[in-house]
There are 2 protein chains.
Amino acid sequence: MEAITIKDIARALNLSTSTVSRALRGSYEISPETKRLVMEYAERMEYRPNPIALSLKANRSKVLGVVVPQIANHFFSQAINGIEAIAYNRGYHVIIMQSHENYEREAIAVQQAVSRKVDGLLLSLSSQTVDVSHLQTLHDKQFPMVLFDRVAPSLNVPKITADNYEGAFAATEHLIRTGRRRIAHISIPAHVSITQERLAGYRDALQKHGLPYDETLVRHMGLGQHEMAPVVRELLGQSPPPDAFFTASDRLALGCMEALRLLGVRIPEQVALVGFTNVTVAHLLAPALTTIEQPAIEIGQLAAERLIDLIERPQHKTTTGVQKLPTRLVVRASTGSVTVAE
Amino acid sequence: MEAITIKDIARALNLSTSTVSRALRGSYEISPETKRLVMEYAERMEYRPNPIALSLKANRSKVLGVVVPQIANHFFSQAINGIEAIAYNRGYHVIIMQSHENYEREAIAVQQAVSRKVDGLLLSLSSQTVDVSHLQTLHDKQFPMVLFDRVAPSLNVPKITADNYEGAFAATEHLIRTGRRRIAHISIPAHVSITQERLAGYRDALQKHGLPYDETLVRHMGLGQHEMAPVVRELLGQSPPPDAFFTASDRLALGCMEALRLLGVRIPEQVALVGFTNVTVAHLLAPALTTIEQPAIEIGQLAAERLIDLIERPQHKTTTGVQKLPTRLVVRASTGSVTVAE
DNA sequence: TTGTAAGCGTTATCAG
DNA sequence: CTGATAACGCTTACAA
């Protein structure tokens with residue numbers, strides 16, 4: 001794998017490296033004849049500039065670091081798709097790292113990405129992350145970063161999320177409109193940004209329709225926690241029992257569905273189920289599950305765009321607020337028909 | 001983000017850069033006193049060696065390139081997990097690229113990875129890829145590469161796959177043992193390596209049990225093709241109709257399941273369904289689906305280990321044959337109980 | 001024990 | 001229009 005360098009070309013053509021370099025980048029101060037010669041030779045020898053040398057020179061790597069809780073998750077893998085699409089279009093590569101929902105691993109990943117000289121960072125926080133001082137420090141040094149999905153309000157950087165509030169509001173309202181009155185809400189750890197927003201949407205929808213907010217109907221599950229049956233059973237043991245479940249994530253929706261099946265509870269006859277999700281197989285489970293679909297790809301794309309703007313035009317102040325993308329409520333009827341609302 | 005360099009340390013301590021360099025790497029020829037001084041200062045200033053400079057010097061990047069058909073797929077995202085775990089343990093980073101099941105994009109991804117100076121390549125071929133000359137060329141130049149899952153027999157490099165033959169054999173035999181006689185097989189494009197192996201396992205199991213191999217029961221679906229209902233309907237239209245479906249992938253299993261549901265066919269009363277899959281929600285769909293589970297993580301780990309061995313000890317001939325990892329047949333009964341066979 | 005200098009591949013500056 | 005040289009951050013002969 002001995003690659004050909006600019007030096008080899010220079011030697012072969014009896015030119016200096018600087019001439020070759022200029023010819024290759026089409027500099028106006030090189031004679032057409034020389035240019036042609038160099039170009040042709042380079043082409044023939046399949047010359048490729050060494051990106052490492054370029055990085056060293058320019059002090060940038062054209063690489064974006066992406067840190068997500070986990071790859072094996074539909075939301076994140078789709079978001080990464082969006083990120084990659086934009087990145088490659090704009091000449092960047094992407095290094096993906098996982099925090100595995102662990103604060104220390106997140107900090108290490110960030111640290112590694114930085115020391116690997118990524119030009120910027122796209123982050124979705126681990127569910128454990130409360131303290132963001134490691135990111136604050138980086139931001140204080142003007143290091144370009146964009147948060148997406150799981151964001152930290154205290155960090156003054158661009159943030160891209162789904163409109164979790166609206167999504168939760170619409171879902172809850174949908175349940176109310178279809179006659180549900182006691183809606184249980186199962187969510188992820190309370191301190192994660194999206195949890196708060198979804199909870200608020202749920203509360204406000206209840207309030208709008210004159211229903212009480214009952215804390216005993218709300219549960220927070222750890223993300224590593226897989227056993228949903230006890231929680232669901234306990235909720236169903238209340239009197240009166242809930243007539244609907246609103247779950248705040250993929251896994252929760254599926255876990256809840258499984259628990260209900262094990263308990264012999266029919267969906268949607270006995271209880272309705274609606275969940276945030278990005279599982280493409282959701283439609284298979286119809287008519288059981290109404291879904292709030294997040295624009296994962298678009299979130300990734302937008303986040304990548306923001307980050308590259310930040311990198312390439314540091315002076316040009318980008319908005320640092322939260323940008324929210326609409327979700328879609330997909331309602332499945334027993335007939336298999338589908339209704340979509342933005 | 002002005003990072004501190006070895007030069008800064010040298011200047012601050014009135015030493016030469018070489019002394020600092022040696023001190024930092026604990027060279028024996030540096031006085032303990034100087035070492036301590038340098039170490040402490042470096043520590044205090046949070047000095048981190050510039051990996052780009054190191055790469056340029058050493059002509060290696062400590063980065064592995066991974067090219068997969070797509071990330072948003074349970075098998076691949078799990079395999080990537082395995083790859084990352086090993087890579088990070090051994091001091092490598094991972095750049096992930098997607099071919100999107102497209103030959104040209106695969107070639108471009110490989111090309112880009114190489115020109116980005118990855119130290120080696122982990123590849124799972126796109127379903128379109130028939131011609132592997134771009135990889136052959138690379139291999140001829142001694143470029144380290146390992147194939148996994150979708151491999152090319154003609155390439156003389158290490159290959160890691162699930163034992164697709166055994167998995168298909170066991171699945172088919174399971175169907176036969178539970179009384180099925182006309183087993184339809186729905187698979188992906190015929191030229192993909194895993195298709196061949198799975199088909200062979202299917203055939204041999206039929207033969208072992210004295211059942212005829214009926215070509216009209218075998219279908220190949222394009223990977224982009226989503227409409228399974230027509231295919232399933234047509235198969236069911238035969239007389240006698242199939243009493244079981246054996247599907248060769250995740251998407252096919254789920255697509256088949258959906259098609260059967262739409263057609264009002266009950267699983268497993270009317271037809272049994274068994275499929276290769278890596279969807280973690282499969283158990284939700286129980287008791288409908290028996291699965292052949294692939295050791296995705298282990299495949300990734302093993303592939304990464306092979307590759308790093310290849311990179312670090314090029315002379316030490318690694319085996320270039322196919323290494324097959326066992327699959328697990330997971331049978332779900334209507335009661336929710338689960339039987340596992342290796 | 002420490003310093004000097006060359007080199008990894010490229011580009012920018014300054015001379016011719 | 002072209003060439004020599006320095007520089008990016010680091011390591012490593014070779015000197016001292």
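# Two protein chains on two DNA strands

Asn50(B) caps the N-terminal end of α4(B), with a side-chain oxygen 2.7 Å from the backbone nitrogen of Ile52(B). This distance, like every other value here, comes from a predicted model. At the other end, α4(B) is followed by Asn59(B), which has a positive phi near 60 degrees. Between these two points, the helix has three buried residues, Pro51(B), Ile52(B) and Ser55(B). They lie on the same side of α4(B), because the arc they cover around the axis is only 100 degrees. An α-helix has 3.6 residues a turn, so residues three or four places apart point the same way. The cover over the buried residues of α4(B) includes α4 and α6 (103-115) of chain A. Part of that cover therefore belongs to the partner chain.

That leads to the relation between the chains. A turn of 180 degrees, with a shift of 0.1 Å along the axis, lays chain A on chain B with an RMSD of 0.1 Å. The two copies are therefore related as by a two-fold rotation axis. In chain A, the C-alpha nearest this axis belongs to Ile95(A), at 2.6 Å. The copies also meet through the same surface, because 98% of the interface residues of chain A are interface residues in chain B as well.

The DNA can be taken one strand at a time. DNA strand C has 26 residues around it, and those that come nearest are Tyr47(A), Ser18(B), Thr19(B), Thr34(B) and Lys57(B). Of the atoms of DNA strand C that come within 4 Å of the protein, 59% belong to sugar and phosphate. Two side chains of chain A illustrate the phosphate contacts. An N or O atom in the side chain of Tyr47(A) is 2.6 Å from a phosphate oxygen of DNA strand C, and for Arg25(A) the corresponding distance to a phosphate oxygen is 3.3 Å. A base is also contacted: a polar side-chain atom of Arg22(B) lies 2.7 Å from a base oxygen of DNA strand C. The elements giving two or more residues to the surface near this strand are α1 (6-13), α2 (17-24) and α4 (51-58) of chain A, and α2 (17-24) and α4 (51-58) of chain B. The helix described at the start, α4(B), is thus among the elements that supply this surface. Sorted by class, the surface near DNA strand C comprises eight nonpolar, 10 polar and eight charged residues.

DNA strand D is likewise surrounded by 26 residues, the closest being Thr19(A), Arg22(A), Thr34(A), Ile6(B) and Tyr47(B). Sugar and phosphate make up 62% of the atoms of DNA strand D that come within 4 Å of the protein. Phosphate oxygens of this strand lie 2.5 Å from an N or O atom in the side chain of Thr19(A) and 2.6 Å from one in the side chain of Tyr47(B). The side chain of Arg22(A) reaches a base, with an N or O atom 2.6 Å from a base nitrogen of DNA strand D. At least two residues of the surface near this strand come from each of α2, α3 (32-44) and α4 of chain A and α1 (6-13), α2 and α4 of chain B. That surface has nine nonpolar, 10 polar and seven charged residues.

Some backbone details remain. Most residues other than glycine have a negative phi, and most peptide bonds are trans. In chain A, the loop between β2 (93-98) and α6 holds His100(A), which has a positive phi of about 50 degrees although it is not a glycine. Glu101(A) lies in the loop between β2 and α6 too, and its phi is also positive, near 60 degrees. With 38% relative accessibility, His100(A) is partly exposed, whereas Glu101(A) is buried at 14%.

The peptide bond from Ser239(A) to Pro240(A) is cis, with omega near 0 degrees, and Pro240(A) sits in the loop between α10 (229-236) and β8 of chain A. In chain B, Ser239(B) and Pro240(B) are joined by a cis peptide bond with omega about -5 degrees. Pro240(B) is found in the loop between α10 (229-236) and β8 (244-247) of chain B.

Beyond β8 in chain A, the loop between β8 (244-247) and α11 (250-262) contains Ser249(A). Ser249(A) is buried, with a relative accessible area of 16%. Leaving aside neighbours within four places in sequence, its contacts are Ile188(A), Arg198(A) and Phe276(A).

How values were computed
Residues are numbered from 1 along each chain as its sequence is written. Chains are lettered from A and ligands numbered from 1 in the order in which they are written. This is a predicted model: local features need pLDDT of at least 70, side-chain atom pairs count only at pLDDT 80 or more; totals for chains, interfaces and linings use all residues. Side-chain values use heavy atoms; hydrogens and water are left out. A residue is near a molecule or strand if one of its heavy atoms lies within 4 Å of it. A polar contact is a pair of N or O atoms within 3.5 Å; within protein, one must be able to donate a hydrogen and the other to accept it, and residues adjacent in sequence count only if both atoms are side-chain atoms. Helices (H or I, at least four residues) and strands (E, at least two) are DSSP runs, numbered from the N terminus. Ala, Val, Leu, Ile, Met, Phe, Trp, Tyr, Cys and Pro count as nonpolar, Asp, Glu, Lys and Arg as charged, and the others, Gly among them, as polar. Buried means under 20% relative accessible area, exposed over 50%, partly exposed in between (1.4 Å probe, protein chains only). The arc is that of the directions from the helix axis to the C-beta atoms. Contact means heavy atoms within 4.5 Å. Copies are superposed by least squares on the C-alpha atoms of residues with pLDDT of at least 70 in both.
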